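Welcome, and thanks for taking a look at this one with me. Below is a short tour that goes from single residues to the core and the pocket.

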Amino acid sequence: MLTVVAQALVSYAGCSVEEAGPILEGLHHALLEGTAAGLHQCDIEFRAAGHELQVAVCYSGGREWRATHALP
């Protein structure tokens with residue numbers, strides 16, 4: 001379900017899912033790594049600022065993953 005939401009947000013921000021593939025894959029891996037480490041609660045943030053899409057995954061305890069993708 002999160003994959004569909006992430007793809008919709010990327011599309012809404014003006015980027016194709018294919019163009020944003022690396023950031024979507026990074027999000028998926030960040031969530032898998034957190035789960036493997038026993039971290040089951042996190043906040044996920046999508047933000048479009050200027051010509052950039054910012055994605056963040058923040059786990060309790062301070063572990064974070066962040067990435068950016070240029071928007072058209």
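## Cys42 and its surroundings

Beyond its neighbours within four places in sequence, Cys42 is in contact with Leu31, Val57, Cys58 and Tyr59. Please keep in mind that this is a predicted model. Cys42 belongs to strand 1, and with a relative accessible area of 30% it is partly exposed. Along the chain, Cys42 and Gly62 are 20 residues apart, while their C-alpha atoms sit 10 Å apart in space.

## Cysteines and disulfides

How many disulfides does the structure hold? The count is zero. Cys42 is in no disulfide, and the nearest cysteine sulfur, that of Cys58, is 8.5 Å away. A disulfide needs the two sulfur atoms within 2.5 Å, so the 8.5 Å between the sulfurs of Cys42 and Cys58 rules this pair out. As a reminder of the chemistry, a disulfide is a covalent bond between the sulfur atoms of two cysteines.

Cys15 is a cysteine to set beside Cys42. Is Cys15 buried or exposed? Cys15 is buried, at a relative accessible area of 5%. Cys15 also appears among the contacts of Val10 and among those of His69.

## The nonpolar core

The largest nonpolar core is made of 14 residues, and Val10, Leu27 and Val57 have the most contacts inside it. Two or more residues of this core come from each of helix 1, helix 2 and strand 2 (52-59). Which element gives the most to this core? That is helix 2, with five residues. In soluble globular proteins, nonpolar side chains tend to be buried together.

Val10 is a good residue to start from when you trace this region. Leaving out neighbours within four places in sequence, Val10 is in contact with Cys15, Ser16, Ala20, Leu24 and Leu53.

## Ala30, on helix 2

Ala30 lies in helix 2 and is buried, with a relative accessible area of 7%. Why does Ala30 count as buried? Buried means under 20% relative accessible area, and Ala30 counts as buried because its value is 7%.

Which residues does Ala30 touch, not counting those up to four places away in sequence? They are Val57, Tyr59 and Trp65. The C-alpha atoms of Ala30 and Trp65 are 6.5 Å apart, although 35 residues separate the two along the chain.

## Strand 3: His69 and Arg66

Strand 3 (residues 64-70) includes His69, and Arg66 has its place in strand 3 too. His69 is buried, at a relative accessible area of 19%, whereas Arg66 counts as exposed at 53% relative accessibility. The cut-offs help here: buried means under 20% and exposed means over 50%, so His69 is buried at 19%, and Arg66 is exposed at 53%.

Not counting residues up to four places away in sequence, His69 touches Cys15, Glu19, Ala20, Ile23, His51, Glu52 and Leu53. With its neighbours within four places in sequence left aside, Arg66 is in contact with Val55, Ala56 and Cys58. Arg66 and Gly26 are 40 residues apart along the chain, and their C-alpha atoms are separated by 8.9 Å.

## Gly50, in a loop

Gly50 is found in the loop between strand 1 (42-49) and strand 2. Gly50 counts as exposed, at 71% relative accessibility. From C-alpha to C-alpha, Gly50 and Ala70 are 9.2 Å apart in space, with their positions 20 residues apart in sequence.

## The largest pocket

The largest pocket holds about 170 Å³ of space. Helix 1 (2-12) and helix 2 (21-36) are the elements that give two or more residues to the lining of this pocket. Helix 2 provides the largest share of that lining, with five residues.

Which residues line the largest pocket? They are Leu2, Thr3, Ala6, Gln7, Leu24, Leu27, His28, Leu31 and Leu32. By class, the lining has six nonpolar residues, three polar residues and no charged residues. Some names here link back to earlier sections: Leu27 has a place among the residues with the most contacts inside the largest nonpolar core, Leu24 is in contact with Val10, and Leu31 is in contact with Cys42.

Key. Residues are numbered from 1 along each chain as its sequence is written. This is a predicted model: local features need pLDDT of at least 70, side-chain atom pairs count only at pLDDT 80 or more; totals for chains, interfaces and linings use all residues. Side-chain values use heavy atoms; hydrogens and water are left out. On a 1 Å grid over the protein atoms alone, a cavity is a set of points where a 1.4 Å probe fits but cannot get out, and a pocket is an open set with protein on both sides within 12 Å along at least five of seven lines; lining residues have an atom within 4 Å of a point. Grid points are joined across faces, edges and corners, and a volume is the space filled by probe spheres set on the points. Helices (H or I, at least four residues) and strands (E, at least two) are DSSP runs, numbered from the N terminus. Ala, Val, Leu, Ile, Met, Phe, Trp, Tyr, Cys and Pro count as nonpolar, Asp, Glu, Lys and Arg as charged, and the others, Gly among them, as polar. Buried means under 20% relative accessible area, exposed over 50%, partly exposed in between (1.4 Å probe, protein chains only). Contact means heavy atoms within 4.5 Å. A nonpolar core is a set of buried Ala, Val, Leu, Ile, Met, Phe, Trp, Tyr and Cys residues joined through side-chain atoms within 4.5 Å.
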